[in-house]
Amino acid sequence: MTAPPAAATREAALGVGTVWRIMAERMTASWTSAPHFYLVREVNVGRLATWLDRARKQTGAHVTYTDLLVKLVAAALSLHPRANASWRDGAIVQNAEINLGLAVAIEDGLVVPVIHRADTLRLPELAARRADVVGRAQAGKLRPADIQGGGFTISNLGMYGVDAFSAIVNPPQAAILAVGRIADRVVALEGRPVVQPTMVLTLSCDHRALDGARAAQFLGTLADLIEEPLALLA
């Protein structure tokens with residue numbers, strides 16, 4: 001007597017749209033061709049939180065931590081231009097402008113709208129530009145120019161409770177900054193353990209365009225600006 005046939009395993013193939021397919025192809029190309037390395041830095045954000053409150057009161061704009069990070073990353077890139085470069089056709093190409101991409105998750109995948117010439121924008125202008133491009137990204141209304149010309153990308157998963165993560169470089173850019181959540185942690189302050197709000201930054205780099213020493217210098221400058229931002233942002 002033969003046993004009844006086992007129930008067939010049902011598998012559902014999820015169709016993907018153009019955005020997801022392009023994302024998959026670009027990330028696969030980056031992961032398989034770019035020699036990645038990673039630098040991690042925990043930073044104290046106590047002063048950044050103070051400045052966020054002050055900036056909101058002084059400007060009346062809905063300034064966010066992301067806006068402050070864009071401002072500070074742009075400032076750090078102006079001091080370390082090699083982090084604002086691309087690997088193209090076997091050569092390092094220096095970007096003429098500081099155009100920062102923001103990784104935005106949408107229903108169809110991941111898009112990276114660009115805030116062009118971020119280093120020239122005041123905080124209220126930057127906040128308005130960020131809200132505009134992110135809003136249009138989520139509504140599926142980005143224009144071709146909105147996703148072109150990016151030289152460096154910021155990916156923030158802190159709002160999802162992620163402590164830290166390593167992002168894949170957005171080709172042909174040299175680096176991407178992964179930002180974790182702000183959380184109270186015990187740190188040493190003048191030899192004493194104290195609780196302070198901190199955030200973990202992970203810089204993923206394409207070693208073809210950016211070496212470890214230059215990447216570390218950029219990340220060090222960014223950490224210093226985050227921990228003492230008032231002089232720059234005032």
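The paragraphs below lead through a predicted model, from the whole chain to its helix contacts and then to its loops.

Because this is a prediction, local features are reported only at pLDDT of at least 70 and side-chain atom pairs only at pLDDT 80 or more, whereas totals for chains, interfaces and linings use all residues. Residues are numbered from 1 along each chain as its sequence is written, and side-chain values use heavy atoms, with hydrogens and water left out.

The protein chain has 6 helices and 11 strands, where helices (H or I, at least four residues) and strands (E, at least two) are DSSP runs numbered from the N terminus. Its C-alpha atoms fill a box of roughly 80 × 45 × 40 Å, taken along the principal axes. Of the 234 residues, 42% are buried; buried means under 20% relative accessible area, exposed means over 50%, and partly exposed lies in between (1.4 Å probe, protein chains only). Among contacts (heavy atoms within 4.5 Å) with a separation of 6 or more, 64% are between residues 24 or more positions apart.

Helix H3 (residues 65-79) takes part in two of the helix packings described here, one with H4 and one with H5. With helix H4 (residues 123-138), the axes come within 10 Å and cross at roughly 115°; axes are lines fitted to C-alpha atoms, for helices over the stretch in contact, and angles run from 0 to 180 degrees between N-to-C directions. H3 passes H4 in a right-handed crossing, that is, one in which the near helix is turned clockwise from the far one by less than a right angle, anticlockwise being left-handed. On the H3 side Asp-67, Leu-68, Val-70 and Lys-71 meet Leu-123, Leu-126, Ala-127 and Arg-130 of H4. By class this contact has 5 nonpolar, no polar and 3 charged residues, counting Ala, Val, Leu, Ile, Met, Phe, Trp, Tyr, Cys and Pro as nonpolar, Asp, Glu, Lys and Arg as charged, and the others, Gly among them, as polar.

With helix H5 (residues 212-227), H3 packs at an angle of about 135°, the axes being 9 Å apart. That angle makes H3 oblique to H5, since angles under 35 degrees count as roughly parallel, over 145 as roughly antiparallel, 65 to 115 as roughly perpendicular and the rest as oblique. Here too the crossing is right-handed. H3 contributes Leu-69, Leu-72, Val-73, Ala-75, Ala-76, Leu-77 and Leu-79, and H5 contributes Phe-218, Thr-221, Leu-222, Leu-225 and Ile-226; these residues divide into 11 nonpolar, 1 polar and no charged.

The buried residues of H4 are Leu-123, Leu-126, Ala-127, Arg-130, Val-133, Val-134, Arg-136 and Ala-137. What covers them includes helix H2 (46-59), H3 and strands S4 (100-102), S5 (104-106), S6 (109-111) and S7 (114-115). Just after H4, Gly-140 takes a positive phi of about 70°.

The loops hold further backbone details. Asp-89, in the loop between strand S2 (85-88) and strand S3 (91-94), has a positive phi of about 50° although it is not a glycine, and with a relative accessible area of 83% Asp-89 is exposed. Glu-190, in the loop between strand S10 (183-189) and strand S11 (192-206), likewise has a positive phi, near 55°, and is exposed at 73%. Finally, a cis peptide bond with omega of about 5° joins Pro-171 and Pro-172, and Pro-172 is found in the loop between strand S8 (152-156) and strand S9 (175-179).
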